[in-house]
Amino acid sequence: MTGLTLVFSAYFYIAVDIFLVGLLLKIWKYAATPAPLKIPLTPAPKTTVGVGSRMFQEIVLFKSLFKSNKLLWVGGYVFHLSLLFVFMKHLRFLFPSTPAFLDNLVNFDLYTGFILLSALAFLFILRLVIDRHFYISVFNDYLLLGLLMCIATTGLLSRFWEGGGVRADLPDIKVFVGGLFTFNPGTVPDNRLFLTHFSLIMLLLIYFPFSKLVHAVGIFFSPTRNQVDNSRVKRWGPWTVKKPGRAGSPEPVPVQPSLIVSKDTPDS
Amino acid sequence: MAEQTVDKTPAEIVSEAKQNKAFKAPELTGEIFMPRVEEGLIVKGVTADVKPHMAKPEIQAKLGFPETLVDNWEEVAVRKLGELLEKYKSLQVYMDTCVRCGSCTDKCQFFLGTNDPNNMPVARAELLRQVYKKYFTTEGKLFGKLAGAHRLDLKVLGDWYAYFHQCSQCRRCSVYCPQGIDTAEISMAAREIMDSIGLGQKYVNEILGKVHTIGNNLGMNPKALAATLESTEEDLEEETGQKIRLPLDEAGAEVLMVTPSADFFASPHVESLLGYAKVFHQAGISWTLSTAASEAGNFGMFIGNYNQMQKVASRVSDAIREMKPKRLIVGECGHAWRVAYSFWNTLIGPFDMLDPKYPSPQHICEFTLDLVRRGAIKLDKSANDEFTVTFHDSCNVARGSSMGDRPGGQFTIPRELIKASCNKFVDMDKDTIHERTFCCGGGGGLLSDEILQIRIQGAMPKMQALHSVIESDGVNFMALICAICKAQFTKIMPKYGIPMSVAGGVHQLVGRAIELGAKA
Ligand code: HEM
Ligand code: SF4
Ligand code: SF4
Ligand code: SF4
């Protein structure tokens, strides 16, 4: 094993660990924090199925954003959708021979990388030109968009720039990446473009759980959206703890009468 | 993010609030005007000095809060924030997930009215988030300012006190937030933290004290209440020739009616009380008000304090035990209805001592409309022919509660009731009603005169919408179902050149239209 291989393999495992552990801890925390009072933003669905549909529209269609700001919706939607496509296309590097559906996807869709980059640039520009958006942006907002743009650019260069040599090295890259996932890292291809692309992605993974990127999981826990409007008919224990990992709403917990009529000094 | 604008001690905060000069309302054009930086209109910190009075030590003590700013306030505040993060999923999630997409920036009436960018919901939330980042996140600890983290210093505290009291907790921003972030939750948490270090707001905390000691927000003692109701009853008999009752503390009545204390004598609130009385009278349903529960409002919500909210609400369960009614009905009040509909069952339920045939609690509009639909009472629409009516969706009803059993009942039920009481009804612009309604500008504990400027500015979008239907359709009555909205609008509308008689209750219309005597 060369030194380079060691460095990049270690980098990969550390990044992925930080990403997974960090994100799981966040999810755990969100799930375990109680929601003592029901605060669905009304009009809200009165059934769990209704809430499922509301969440679907929020997560898959960005409905609230659509209501609010069409320009941002287009930018944000195109960005996330192309990110999803690009991500799926990457799955082919995990398999020694590309599965047919991925092959079709890759052949069918040549341009999502460009669209991704343009959408990111669009979002970046919006932040600069809309005065209100400029006011609320902090450095890290630009940093993140910048990082994603660098990832997209190096990715596009890998695919479309012969001089980068990534296409030529692709078989080696596949072996290396496949090896990482089977805990049997092969030799890392000595290709600068690839290594840059790879490193930037690891950086993104490390940054993910500590930044606003946790919105990707946080949105599932957003009480204004994921709660059923049923508190008039259903009773919720004041400090009901949602058991982590259990889907749906907590069972109502009977409240001690002493709690209900408590005349104690308020907590301060 | 934004660098800070004030560097003042709490004592200075108080003295400054006093200098709040007479503020002139802008001219109405019917359009809601978007402030722009290029035109020099967005000015950071223009309203940083418009702060409400601080609560006096004795008021703080009554609620169990420190009397004045504690010495180690930074430490206490950070500890309190940590506690709240563990108590409320909303706060925990919303501190993390804002992507600063900016989609909420033009949605808050206080930003539109004041042009102060700190009143953009995300910027308001960021005032707390910068502190969260500093003390609770790796990102903030590592990157500091670059990540938008900031220590909780006096400047930040000054900004908290100003801007978390320029938020009416109306939840309009949440409608438009792709992450569902509810700035109301954040501003409740911030107020709870400020109370915990001895920095309370006078108006709200004083009122909470009054509820605990006297029994209602207006501080009306039981004797005065009985006397007022009695004389109102006499007036009512004189006016209608019928013996319409305003019963107080009558155990065994079928309905316990809990209504904001403003309904007992404030104008135009009392007109709605007369409306309720006529409805009960005509439907032949016995009812009673209660001295113990002579307040539907619950300011505990405004300061984000669970125990205060529960303590205030428990007066209602006490009254139920005492009066043994079958049904529980709530009068016209926005935040009260949110607390009642969404929180009461949890705070003071279960209501198994009430008749399970009826929803508990029930909104007076649900109750009256049901009687109208069943023909149990008759309304003569022509009694309101002098009015062209519009309806203001009070935000706490619109976005924090519901009516009936279908989503959106809180919009259709009051409108159906209004349409049953009058011939001419028009809605305001679609972006200013239903879930998109703008706040009256006085909710969430802002109904205090030293911040009148904020109230006038915050009311601007709604005033524009109203102006627009006044011009186009000759609207001369805006029906309301919120005590705070009524108080706010009657005070603010004249500043915009709209007569205050335009604001009134939904049951004011019902009371005028109801056919008394002749039973079908
Ligand atoms: C369940 C999955 C996700 C949902 C529902 C979601 C939703 C959203 C929404 C609604 C916005 C605001 C619109 C905008 O500004 O573009 C946003 C912003 C953003 N998202 Fe996501 N997202 C998800 C996953 C991700 C992932 C996996 C990433 C990145 C690796 C990501 C990166 C971003 C970035 C960088 C922004 C800010 C864009 C800007 O700066 O203007 N998102 N997301
Ligand atoms: S709309 Fe929501 S996510 Fe976007 S900036 Fe406002 S609070 Fe943050
Ligand atoms: S809750 Fe209402 S007042 Fe507060 S920031 Fe949001 S829109 Fe503005
Ligand atoms: S007073 Fe009325 S409009 Fe204002 S916040 Fe309350 S319910 Fe909303």
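This passage describes the cavities, surface patches, salt bridges and backbone features of a predicted model with chains A and B.

Empty space inside the protein is a good place to start. Rolling a probe the size of a water molecule over the atoms shows where such space is left. In this predicted model, 6 cavities of 30 Å³ or more were counted. The largest cavity has a volume of about 230 Å³, and its lining is made up of 23 residues. Nearest to the centre of this cavity lie Leu37(A), Tyr88(B), Glu185(B), Met188(B) and Gly304(B), a group that takes in residues of chain A and chain B. Four helices of chain B, namely α4 (89-97), α10 (183-196), α14 (306-323) and α15 (334-348), each contribute at least two residues to the lining of the largest cavity. Of the elements involved, α10(B) provides the largest share, with 4 residues.

Turning to the surface, chain A carries a nonpolar patch of about 590 Å². Its members are Val74(A), Val78(A), Leu110(A), Tyr111(A), Phe114(A), Ile115(A) and Phe160(A). Helices α4 (70-90) and α6 (112-129) of chain A each supply at least two residues of this nonpolar patch, and Ile115(A) is placed in α6 of chain A. On chain B, the surface has a patch of negative charge, where Glu230(B), Glu234(B), Asp235(B) and Glu238(B) gather. One of these residues, Glu234(B), sits in helix α12 (residues 222-240) of chain B.

Charged side chains also appear in pairs. In general, side chains of opposite charge can pair when their charged atoms come close. Over all chains, the count of salt bridges comes to 34. Among them is the pair of Asp141(A) and Lys212(A), whose closest N and O atoms are 3.1 Å apart. This salt bridge links distant parts of the chain, the two residues being 71 residues apart. Asp141(A) belongs to helix α8 (residues 139-160) of chain A, whereas Lys212(A) falls in the loop between α10 (192-207) and α11 (215-218) of chain A.

The backbone of chain B offers a few details worth a look. The peptide bond from Ser267(B) to Pro268(B) is cis, with omega near 5 degrees. Pro268(B) is part of the loop between β1 (255-258) and α13 (269-283) of chain B. Another cis peptide bond joins Gly349(B) to Pro350(B), with omega about -5 degrees. Here, Pro350(B) occupies the loop between α15 and β4 (362-363) of chain B; helix α15 (334-348) of chain B also supplies at least two residues of the lining of the largest cavity. Finally, Arg171(B), a residue other than glycine, has a positive phi near 70 degrees. Arg171(B) lies in the loop between α8 (154-163) and α9 (172-176) of chain B.

Technical notes
Residues numbered from 1 in each chain as written. Chains lettered and ligands numbered in written order. Predicted model: local features only at pLDDT ≥ 70, side-chain atom pairs only at ≥ 80, totals over all residues. Heavy atoms only, no water. Patch = residues over 30% accessible without salt bridge, like charges linked within 9 Å, V, L, I, M, F, W, Y side chains within 5 Å. Areas by Shrake-Rupley, 256 points an atom, 1.4 Å probe, with all protein chains shown as cover. Salt bridge = Lys/Arg side-chain N within 4 Å of Asp/Glu carboxyl O. Lys, Arg positive; Asp, Glu negative; His and termini not counted. Charge placed at Lys NZ, Arg CZ, Asp CG, Glu CD. 1 Å grid on protein atoms, 1.4 Å probe; cavity = no way out; pocket = protein on both sides within 12 Å on 5 of 7 lines; lining within 4 Å. Points joined across faces, edges and corners; volume = space filled by probe spheres on them.
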